Amino acid sequence: MSADTTAPLDRDGILVLVRDQLAEILEKSPSDITEDVSFEDLGADSLALIELVEALEENLATYSAGFHIDDEDLEGLGSVRDAVNYVALKLQVS
Amino acid sequence: MSLPIALDAMGGDFAPKEIIAGARRAVDELGLAVTLVGVPELMGDPLGLDVVECSEVIAMDDDPGASVRKKKDSSLVRAAELVRDGKASAMVSAGNTGATMASALLRMGRLPGVHRPCIVTPIPNPHRTPVVLVDAGANAECTPEMLVQFAQMASTYVATRYGVAAPKVGLLSIGEEATKGNTLVKATHQLLRELPTLNFVGNVEGRDFIPSPVDVIVTDGFTGNVALKTLEGALKFVFSAVLDAVGTNEQTKVAGDVLFEHLWPVASQLTPDSQGGAMLLGVQGICIISHGSSNATAIMNALRVADEVDKGEVVAKLALTIRPDQAA
């Protein structure tokens, strides 16, 4: 699934992207994925998180060429909110 | 002409020599098309086989997810990409199991509707088709819904590969009664019982692998891997104990000469080498995971499995099992 690259990306847009990608990877409804929920509670194991990272890198490359999430940074991301904040900071959007 | 099978020449305890030797035998003895994927300066003589060159190797102890992301030009990742790009019909590796699974998952993608891919391992049974164990180690943590999908996919695999109509499915537990087992097993039992498309016959126990009353044994990847390794260790011990007993004195050696003619076919049927490899079910392509200690015979058999799975259109049938509404 690709993001709508014609729309300007803000924090809400990042949240939608993270939520939709997670929903697709975990075979869940996007409405089940709230910002507060932890990856552990969603049942996302390390491979699912790698899938998420690769999907985000692919989608966000259109906004920021070569967008990359460092594997070392993954350890600090425990929830949807953490992931959204991390991407927002990297892309310098509010 | 059919597509070649992409073989990771760098993966396995005896790579690359035994891997390449197995590939050569598969070409010569089975008539298969095989492409090696490996690092030229580490591979040695490719024995006249086609080679797709790469520059990195994922080691047996590398972290699966991180290594696939960091070593994008590794033999494992490149093999998975050949399948994804339609340049190979299947990939085979005897390397890091977790990284093989991650490569296939991240490069080929999951079949629509599949929660998590799982590993299905055939366990030989004398005088009948193998019983398959699923999950043999891909998912240490499972939900009841995941186990139901594993059972569905493994049932399709057995029906397609071995021609078994309505394969019998058993759930691994600590007792035959539906009330036996942990929370996961009891919840899974209930779901399997309510599934009309599956021939679920109830719980089975650890003693039901050989001989087995069922065609599919479903469990979580942690339990499945422990059970599989326990079985392998026990069989290895039995073979060794028989050999020791036969070598006791001249009298037992004579008896051994008579018995071996009858014991050898059974023993050779029960070695992992004869099965060749386990398939990763649930990804959009064929990925065969071979034992880390694979020799040339095991690799040749793994390539044979890959070819049979390809010709049997197993992946397309698995897709329809999970999403029957997608039928043309």
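**Chain B, its helix α4, and a helix pair in chain A**

Of the 328 residues of chain B, 50% count as buried, and I should say at once that what we are looking at is a predicted model. Chain B holds 12 helices and 11 strands, and its C-alpha atoms fill a box of roughly 65 × 55 × 35 Å, taken along the principal axes. For a chain with 328 residues, a compact globule would have a radius of gyration near 20 Å, and because chain B has 20 Å, the two values agree. If we take the contacts in chain B with a separation of 6 or more, 71% of them are accounted for by residues 24 or more positions apart.

Let me now turn to one helix of chain B. How many of the 10 residues of helix α4 of chain B are buried? The helix, which covers residues 75-84, has 9 of its 10 residues buried, and we can therefore call α4(B) mostly covered, given that a residue counts as buried if 20 or more other C-beta atoms lie within 10 Å of its own. Among the buried residues are L76(B), V77(B) and L82(B), and also R78(B) and E81(B). What do they pack against? The partners of the buried residues of α4(B) are the strands β1 (5-8), β2 (34-38), β3 (50-53) and β4 (90-93), together with the helices α3 and α5, each of these in chain B. Just after α4(B) comes G86(B), which takes a positive phi of about 75°.

Next, the place where the two chains meet. Here 10 residues of chain B are in contact with 9 residues of chain A. On the side of chain B that touches chain A, α3 (64-70) and α5 (97-108) of chain B each supply at least two residues, and by class that side has 4 nonpolar, 4 polar and 2 charged residues.

Finally, a pair of helices in chain A. Two packed helices are described by the angle between their axes and the distance between the axes. In chain A, the axes of helix α1 (residues 11-26) and helix α3 (residues 46-60) come within 10 Å and cross at roughly 135°, which means that α1(A) is oblique to α3(A). The crossing of α1(A) and α3(A) is right-handed. From α1(A) the contact is made by L17(A), Q21(A), L22(A), I25(A) and L26(A), while α3(A) brings A48(A), E51(A), L52(A), A55(A), L56(A) and N59(A). Sorted by class, the residues of this contact between α1(A) and α3(A) divide into 8 nonpolar, 2 polar and 1 charged.

Terms used: Residues numbered from 1 in each chain as written. Chains lettered and ligands numbered in written order. Predicted model: local features only at pLDDT ≥ 70, side-chain atom pairs only at ≥ 80, totals over all residues. Contact = placed C-beta atoms within 7 Å. Helix = DSSP H or I, 4+ residues; strand = E, 2+ residues; numbered from the N terminus. Nonpolar A, V, L, I, M, F, W, Y, C, P; charged D, E, K, R; others polar. Axes fitted to C-alpha atoms, helices over the stretch in contact; angles between N-to-C directions. Parallel < 35°, antiparallel > 145°, perpendicular 65-115°, else oblique. Left-handed = near helix turned anticlockwise from the far one by under 90°. Rg over C-alpha atoms; globule rule 2.2 N^0.38 Å. Buried ≥ 20, exposed ≤ 12 C-beta atoms within 10 Å, placed from the backbone.
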